[in-house]
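Trainee: Have you got a few minutes to go through this one with me? I'd like to start with the ligand.

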Amino acid sequence: MEKTILVGVTGCIAVYKSAELVRLFQKAGYRVKVVMTEHATHFVDPLTFRSLTHEPVAIGLFDDPSDPIHHISLAEEADVFVIAPCTANVAAKIAHGIADDLLTTTALACTAPLVVAPAMNVHMYEAAATQENLATLEKRGVRIVEAGSGYLACGDVGRGRLADLNDIVSATIAALEGDAASDGDQDLAGKHVVVTAGPTYEPIDPVRFIGNRSSGKMGYAIAQAAVERGARVTLISGPVSLDAPTGVQVVRVQTALEMLAACEDAFSQSDIAVFSAAVADMRPETVSDHKLKKSDTEDSAALQQVRLVANPDILATMAQGKRAGQVVVGFAAETNDVVENARKKLEAKRADLIVANRIGEGVAFGTDDNQASLVTPDGCEDLPLMSKHDLADRILTRAVEIGSGC
Ligand code: C5P
């Protein structure tokens, strides 16, 4: 049977994007119903949603005389309820079980998965109250599609923009389909997993860069396995040619410094952080603003002597600020003394777990399989050759055990 996505629309300027969101859900093959707060109707006329969905738009608790308990029938019809945009006010109300209009009453009555995409002014978004309310919702298993950064309607610049619509669609479909496949282990529900993946490219000039051969497959497999187990996942990815796993929020970066900045944004809110990116150790000290020409004496000299400076160690930098209960996982790709070198990295970088790979012999780079050892302060578990997806699951299971003190 066709599944129903209930879209909750609350009163902020990003409401105009909800119309496009409805279209995207319809294009993905779902039936869509819309419930609006009274405030939302000041921004967009309900007729817009009625025309798009060919369904009545629900607004007031007592609007439908034929259905005196409208909030219950709406809640029961929904296979997933996504509130996008969700104002600070509505996030606060649903975090505290307040049900004083049709949308919030439906949220309280709804047993289907709930997805919340906040949008508001940067100061309202960053206010401790809002962050605590979103964290409360997340702990209960609500999927939060974090607001993005940029120019806001109020004129401020910062976080608070409604997330990219594709990210909202992915998170909603993952919540919907994940719930349908409820036989899968959802042991990461309510957890936030951050994963770095792929290489970094360090520019020399607008066309040349220093990079490495990482395909990103291991990190993408970890992100996919984590979302399948119910986690909210932020995947910070260097340049790769892989599709983002459904339901994962992807932050795309090019350089190590950009990757560090993205990690600084996401790390403090994470429960598990997996640093699988093959970060370039060095970057050119200066980046030419034009293509360096071999035929030009000065350019050619610059090309022959690209001066390099060390990139920050992202894992080590983040692990320094680790809080109790947060689990940090790193990788060590080695050609010899694999476990011994991994142990040194574990200590030097203050990680909780190092996944040690022997590289060469067709293992690790670019392949779909991987053979690794899981090195922790307590010991080392040698795993057989397995698919990167299976290895991803083993890594996450170990990280969960470490986080729970096992
Ligand atoms: O020191 P090495 O590069 O071998 O360490 C590998 C681990 O450290 C990986 O988990 C990698 O993602 C992380 N790393 C990092 N930032 C760097 C270098 C490595 O996060 N600049």
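Trainee: So, which residue has a polar backbone atom 2.7 Å from an oxygen atom of the ligand?

Mentor: That's Phe 331. By polar contact I mean a pair of N or O atoms within 3.5 Å. Keep in mind that this is a predicted model, where local features need pLDDT of at least 70, side-chain atom pairs count only at pLDDT 80 or more, and totals for chains, interfaces and linings use all residues. Residues are numbered from 1 along each chain as its sequence is written, and side-chain values use heavy atoms, with hydrogens and water left out.

Trainee: Which side chains have an N or O atom 2.4 Å or 2.8 Å from a ligand oxygen?

Mentor: Two lysines: Lys 345 at 2.4 Å and Lys 349 at 2.8 Å.

Trainee: How much of the ligand's accessible area does the protein cover?

Mentor: The protein covers 84% of the 440 Å² that the ligand has on its own (Shrake-Rupley method, 1.4 Å probe).

Trainee: And which elements give two or more residues to the shell?

Mentor: Those are α12 (314-320), β16 (327-334) and α13 (338-349). Helices here are DSSP runs of H or I with at least four residues, strands are runs of E with at least two, and both are numbered from the N terminus. The residues around the ligand, each with a heavy atom within 4 Å of it, include Phe 275, Pro 312, Asp 313 and Gly 330.

Trainee: Changing topic: what is the strand order in the open sheet of 5 strands?

Mentor: The order is β2-β1-β3-β4-β5, with parallel pairing; two strands pair if DSSP finds at least two bridges between them. β2 (31-36) and β5 (143-144) are at the edges with a single partner strand each, so one side of each has no neighbour in the sheet.

Trainee: How many bridges join β4 to β5?

Mentor: There are 2, joining β4 (residues 114-118) to β5 in parallel. One partner pair is Val 115 with Arg 143 in β5.

Trainee: Where is the cis peptide bond?

Mentor: Between Ala 84 and Pro 85, with omega about 0°. Pro 85 is in strand β3 (residues 80-86).

Trainee: And His 54, is its phi positive or negative?

Mentor: Positive, near 55°. His 54 lies in the loop between α2 (46-53) and α3 (70-77). Most residues other than glycine have a negative phi.

Note on methods. Polar contact = N/O pair within 3.5 Å; in protein donor to acceptor, adjacent residues only side chain to side chain.
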